[in-house]
Amino acid sequence: MIPISRARAHWYRKQGILTPSGAPVAEVLSRTGWLRTLGGIEAYLGLRARCQGFEPARLDAELGRGVWITYAVRGCVYLVPRADLPLAMRVAEGQWKKRALRDLEKVGVPEQEVQDLGELAMAALNSSPSSTQALRKALPEGAVRSLGEAGKKLGMSSALPTALRFLEFAGRIQRQTHTGRADTEHYRWTVCTAHPLHDDDPGHDSAQHARALA
């Protein structure tokens, strides 16, 4: 049996805590693992333990370039290096899509309606980046219908967030923070011009995803 002290030493070493690195944030994340972020300062604290002389501006400078904020495993949001973004997004999509389609069926929203709503959102986003709330107001009247009490029970006031998530998983739009920092839960959507999924899509093989994660 391995003593807990040795196990902890192994964890610390693999996570880069014993030997903080001066490498770029993306490289540190690639070597030590993705960092979960809930819109607070936890990503900055995690990197401070893993990066020599870490300053918040190091992470801010790499957001949307070498480092991305995205849904990944267990439906949670993580800070991941750009090279791992396709894997993170495909894993998240695989865990989310069946439930999303089932919920849409429960509230009587056909998939075609979601696709049409997504195209309206794309047309609006081609003009300028926008938050979900601002998009809802900018779209044609009646395009975003209320899902009523049935939707409330499932946490779905409308199908717009679902339509945006489909666009995100298709690599057509990406999320950006309003502040350019990781310590916020407020995002805006922008159209992708260059996206890792365009070149490095790992496909939808869940067994392959599991091997890659392991």
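Here are three short exercises on this structure, each with a worked solution.

The model is predicted: local features need pLDDT of at least 70, side-chain atom pairs count only at pLDDT 80 or more, and totals for chains, interfaces and linings use all residues. Residues are numbered from 1 along each chain as its sequence is written, and side-chain values use heavy atoms, leaving out hydrogens and water.

**Exercise 1.** Work out whether tryptophan 11 and lysine 153 are buried, partly exposed or exposed.

Solution. Start with the cut-offs: buried is under 20% relative accessible area, exposed is over 50%, and partly exposed lies in between (1.4 Å probe, protein chains only). Next, tryptophan 11 has a relative accessible area of 46%, so it's partly exposed. Lysine 153 comes in at 73%, so that one is exposed.

**Exercise 2.** Find the helices that hold these two residues.

Solution. Helices here are DSSP runs (H or I, at least four residues), and strands are too (E, at least two), numbered from the N terminus. Tryptophan 11 sits in helix α1, residues 4-14. Lysine 153 belongs to helix α8, residues 148-153.

**Exercise 3.** Describe how strand β2 is paired and how enclosed it is.

Solution. First, look for a partner: two strands pair if DSSP finds at least two bridges between them. Strand β2 is joined to strand β3 (residues 77-81) by five bridges, and the two run antiparallel. Isoleucine 69, for instance, has leucine 79 in β3 as its bridge partner. Then check the link: β2 and β3 make a hairpin with five residues between them, and arginine 74 in the turn has a positive phi of about 60°. Finally, β2 (residues 67-71) is largely enclosed by the rest of the structure, because four of its five residues are buried.
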